[in-house]
Structures are given as C-alpha cells and as structure tokens.
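Me: I would like to learn how to read a protein model, one feature at a time. Can you take me through one?
Reply: Gladly; here it is.

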Amino acid sequence: SMAHAVLSVPALVISVAIRDVFRQRANEEWIMKGNCTDIYIKTVKIMFVIVTPLSLILFFILPQLFSLVLGKNWQMAGIYARILIPNVAILFMFQVVAALFIIADKLKAYFVWNIISIILTIISLSIGCIVFKDIKITLVSYVIARTIANLIRFYLTYKYAQGIIEK
C-alpha cells in the first residue's frame, strides 16, 4: 500500500494537470476537425519521453530511496514499488488521454472498460494470492492485468482520437 501510494499519488497529480490541458486542446481540435489525432499523438509522445527515463531511474533507486527516507524496515516496500513501476508509468501516460471518452461521447465504452479492468484486477490478484500465495507474483500478475487493461484503453482512445466512433 505504501509503495503504491508513494508512486501513484505524485503521478496522478501531475497527470490530472496535463489531462486538463489535453482535454481543452483535444476538444478544440475535435470541434474544428472531427478528430484530435494530432494533439493525441503529440501528448502521448511527450508522456512517453517523461515517463521512460523517470521509470528507469526509479527502478534502480527505489529500494534504497525507501530505506533512506522511511527507514531500513521499508526497503521491502521499495522492492514492491519497483515491481509496480510499469503499472504506474502506463497509468500516468494513458490517464491523460482518457479524456477522449468524454470528448467522443463514449462514456458507455468507458464504463465497460472499467468493468473489464476490475475483472482483470480481481483475477490477477486471485491468481497471485490464492494460487501462488506469493506477494511478488501477486504484484507481477496485477501489473500484467493492469497493463492489459490500460493498453485496451489506449487502443480505444486512439481510435476515438481519429474520429472512429462505432455505434
């Protein structure tokens, strides 16, 4: 919990600020052109450039950072945080462009995506906890499930950014 909070809270605060700017510009582009592919691609590229080096740096320093800031007893939380980095990085990138569900008026699709995301999360946690009974395997399966869910969200928002709206 501590590992997830330490990683997720700062990422969420930053991504919400970027999302608000993205939403405004994407909405303007959508109204003018019927799509917002240009701002979508530009935003995803910027997010990738921000996330990739930061994730790599954090991967190597998190256990020591947790130990230094929170004490030796928290070093294991730093190891768990290291496992969670891909999930937080992908969430950070794709949370920003999730505004496309609103812009494209696809809230029903967003609701369905959320249900799928929850189901994948429950399955992944169940596999890790019940089948393997190992916290690291549980975290890895969680990261895999959340990555799949967020890649589905990315695919949908990319299609919506192109103005491809299925009924």
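Me: Start near the beginning of the chain. Is Met 2 buried, partly exposed or exposed?
Reply: This is a predicted model, so keep that in mind throughout. Burial is read from relative accessible area: under 20% is buried, over 50% is exposed, and partly exposed lies in between. Met 2 has 33% relative accessibility, so Met 2 counts as partly exposed. Met 2 lies in helix H1.

Me: Which residues does Met 2 touch, leaving aside its neighbours within four places in sequence?
Reply: A contact here means heavy atoms within 4.5 Å. On that basis Met 2 is in contact with Phe 66, Leu 70 and Trp 74. Now take a pair separated in space. Met 2 and Lys 45 are 43 residues apart along the chain, and their C-alpha atoms are separated by 30 Å.

Me: Step back to the fold. How many helices and strands are there?
Reply: Count the elements, then read their order. The protein has six helices and zero strands. From the N terminus on, the order is α-α-α-α-α-α. For overall extent, use the principal axes: the C-alpha trace spans about 55 × 35 × 20 Å.

Me: What share of the contacts joins residues at least 24 apart?
Reply: Set the base first: contacts between residues at least 6 apart in sequence. Of these, 76% join residues at least 24 apart.

Me: And what share of the residues is buried?
Reply: Of the 167 residues, 41% count as buried. The accessible surface comes to about 9600 Å². Carbon and sulfur atoms hold 73% of that surface.

Me: Show me one buried residue with its surroundings. What does Thr 43 contact beyond its neighbours within four places in sequence?
Reply: Place it, then check its cover. Thr 43 sits in helix H2. Its relative accessible area is 9%, so Thr 43 is buried. Beyond those neighbours, Thr 43 is in contact with Phe 22, Val 96 and Val 97.

Me: Now pockets. How much space lies in the largest pocket?
Reply: Read volume, then lining, then chemistry. The largest pocket holds about 310 Å³ of space. Its lining has 16 residues; Leu 7, Ala 11, Leu 54, Leu 58 and Val 88 lie nearest the centre. Helix H1 (2–33), helix H2 (37–70) and helix H3 (75–97) are the elements that each give two or more residues to that lining. H2 supplies the largest share, seven residues.

Me: Which classes of residue make up the lining of the largest pocket?
Reply: There are 15 nonpolar residues, one polar and no charged ones.

Me: How do I read phi?
Reply: Most residues other than glycine have a negative phi. Positive values are therefore worth listing. Asp 105 has phi near 55 degrees. Asp 105 is in the loop between helix H4 (100–103) and helix H5 (107–132). Lys 133 has phi near 50 degrees. Lys 133 is in the loop between H5 and helix H6 (135–161).

Me: Are Asp 105 and Lys 133 buried or exposed?
Reply: Apply the cut-off: over 50% is exposed. Asp 105 has 63% relative accessibility, so Asp 105 counts as exposed. Lys 133 has 67%, so Lys 133 is exposed too.

Me: Last, how many disulfides does the structure hold?
Reply: A disulfide is a covalent bond between the sulfur atoms of two cysteines. This structure holds zero disulfides. Cysteines can still be read by burial. Cys 36 is at 0% relative accessibility, so Cys 36 counts as buried. Cys 129 has a relative accessible area of 46%, so Cys 129 is partly exposed.

Key. Residues numbered from 1 in each chain as written. Predicted model: local features only at pLDDT ≥ 70, side-chain atom pairs only at ≥ 80, totals over all residues. Heavy atoms only, no water. 1 Å grid on protein atoms, 1.4 Å probe; cavity = no way out; pocket = protein on both sides within 12 Å on 5 of 7 lines; lining within 4 Å. Points joined across faces, edges and corners; volume = space filled by probe spheres on them. Helix = DSSP H or I, 4+ residues; strand = E, 2+ residues; numbered from the N terminus. Nonpolar A, V, L, I, M, F, W, Y, C, P; charged D, E, K, R; others polar. Buried < 20%, exposed > 50% of the residue type's maximum accessible area, 1.4 Å probe, protein only. Areas by Shrake-Rupley, 256 points an atom, 1.4 Å probe, with all protein chains shown as cover. Disulfide = S-S within 2.5 Å.
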